[in-house]
Amino acid sequence: MATNKKLHLPKRKKKKSRQQNKLGKAPGTISYMGDKERGDSVIYSTSYNVNGFETNEYENLDQFLKEDSSDKITWVNVVGITDEPFIEKLGKHYNLNPLVLEDIVNTEQRPKIDEYEDYIFGIFRMLYISEEDEIIGEHIAIILHENTVLVFQEVKADVFNGLRERITGKLGRIRTRGADYLFFALLDAIVDNYFLAIENLNNRIENLEEEVYQNPEPIVAQNIQQLKKEILKIRRWIYPVKELISRLIDSENPKITKDTKLFLRDVLDHAIEINESLQIYREMSMSLMEMYMSNMSNKMNEVMKVLTIMASIFIPLTFIAGIYGMNFEHMPELHYKYGYYVVWAVMILLFVGMMIYFKRKKWL
């Protein structure tokens, strides 16, 4: 007696969502959510005033906490946010709210600005172009204290080299201004680098336009779809920045002076321009797919036109060949001396006549 055996396929492991790590935990729990491997955090400290500057690197948090630079403006740059005890201890030193620390280590956090009694806290996305000409987005948190600006970032690579040169070279007005101006300068560097990302998108759109017109292969459709997804992702990172900067300008928080708000207005203008460009590129990416489908349809129509013309030409020729291929005994033309040549002449005349007709109709 035959028995039916069920085939047991191995179960695929379900990838655990990063959001599941937060389930069941109390608000303010410091739990890193990101793709980076666990590692140690490093502090790069830059203190400056009108007279000079000092830069230091600290791998030991206790050593950093012993330093006193209250008479200078201090830029504390924390690289690496996977070390949760490190972040928690540093947060307690600066009296940061646990919810702030939770957002610092959450790389999926949407851009935001929160104002507290002693500081202003902001989350942004830092964009830069890699050596492979790809747009890289890094989570970054900035906190404005009285004379200190804290910056938390995932990796050492950033967009602040120009700002560091201005501090060390005493270029511009930064060494004569307060911590709020440093806060502005960091935002300005982040937003200015958005223009490079926008330029990268523009170049890719132009290249895809040429490919759509010249060689609409299936891989082009995949590239267009990938571009659309990337534009939407970047738009999600950049779009809120305009509103956040506007809130800083309208804020009555005494930590941001009236002079600094004037500079923030310039950053707001850049953010508005970038958002408008993103909207245009989003529409262009959607029209690219429509152009691709239209070109593919036209290409298919050309093929169908050629096949239809070929079929139209050979149908009457096949008809004639079919008639004289029948096995009837009494067909006068079969016994005619020049019948073979006459049939060929008729078929050739039909072919030439149809070609002339198609030309006049501009079907060819």
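Mentor: A helix is a DSSP run of H or I with at least four residues, and helices are numbered from the N terminus. The model discussed here is predicted.

Trainee: In which loop does N95 lie?

Mentor: The loop is named by the helices on its two sides. One of them covers residues 84-93 and the other residues 98-104. N95 therefore belongs to neither run, and its place is the loop between α2 and α3.

Trainee: What is the phi of N95?

Mentor: Most residues other than glycine have a negative phi. N95 is not a glycine, yet its phi is positive. The value is near 60 degrees.

Trainee: Is N95 buried or exposed?

Mentor: The relative accessible area of N95 is 54%. A residue counts as exposed when this area is over 50%. Because 54% is over that cut-off, N95 is exposed.

Trainee: How is K170 classed by its relative accessible area?

Mentor: K170 is found in the loop between α4 (161-168) and α5 (179-214), and it has a positive phi of about 55 degrees without being a glycine. Its relative accessible area is 46%. Buried means under 20% and exposed means over 50%, so K170 falls in between and is partly exposed.

Trainee: How many residues of strand β7 are buried?

Mentor: Strand β7 covers residues 148-153 and is mostly covered. T148, L150 and F152 point one way from β7, while V149, V151 and Q153 point the other way. In a regular strand the side chains alternate between the two faces of the sheet. Residues on both sides of β7 are buried, and the count is six of six.

Trainee: Which residue stands opposite F152 in β7?

Mentor: Strand β3 (residues 73-79) pairs with β7 in the parallel sense. Six bridges make up this pairing. The residue opposite F152 is V78.

Trainee: Which residue stands opposite V151 in β7?

Mentor: Strand β6 (residues 135-144) and β7 run antiparallel and are joined by five bridges. The two strands form a hairpin, with three residues between them. The residue opposite V151 is I142.

Trainee: What is the bridge partner of I113 in β5?

Mentor: Strand β4 (residues 112-115) runs antiparallel to strand β5 (residues 120-129), and four bridges join them. A hairpin of four residues leads from β4 to β5. The partner of I113 is G122.

Trainee: At which residue does the kink in α6 lie?

Mentor: Helix α6 (residues 218-250) has 33 residues. Its first and last C-alpha atoms are 50 Å apart, close to the 48 Å expected at 1.5 Å a residue. The helix nevertheless has a kink of about 30 degrees. The kink comes shortly before the proline P240, at R236.

Trainee: What distance separates the C-alpha atoms of L262 and I249?

Mentor: L262 belongs to helix α7 (residues 258-323) and is exposed, with a relative accessible area of 55%. Along the chain, L262 and I249 are 13 residues apart. Their C-alpha atoms are separated by 8.1 Å.

Trainee: What accessible area does the nonpolar patch that includes V342 have together?

Mentor: V342 lies in helix α8 (residues 339-360). Its relative accessible area is 41%, and patch residues must have over 30%, so V342 meets that cut-off. The patch is on the surface and includes Y336, W344, F351 and I356 as well. Together its residues have an accessible area of about 1,200 Å².

Note on methods:
Residues are numbered from 1 along each chain as its sequence is written. This is a predicted model: local features need pLDDT of at least 70, side-chain atom pairs count only at pLDDT 80 or more; totals for chains, interfaces and linings use all residues. Side-chain values use heavy atoms; hydrogens and water are left out. Patches are made of residues with over 30% relative accessible area and no salt bridge: like charges are joined within 9 Å, nonpolar side chains (Val, Leu, Ile, Met, Phe, Trp, Tyr) within 5 Å. Accessible areas come from the Shrake-Rupley method with a 1.4 Å probe; for residues, only the protein chains shown count as cover. A salt bridge is a side-chain nitrogen of Lys or Arg within 4 Å of a carboxyl oxygen of Asp or Glu. Buried means under 20% relative accessible area, exposed over 50%, partly exposed in between (1.4 Å probe, protein chains only). Two strands pair if DSSP finds at least two bridges between them. The expected span of a helix is 1.5 Å times one less than its number of residues. The bend at a residue is the angle between axes fitted to the seven residues ending there and the seven starting there.
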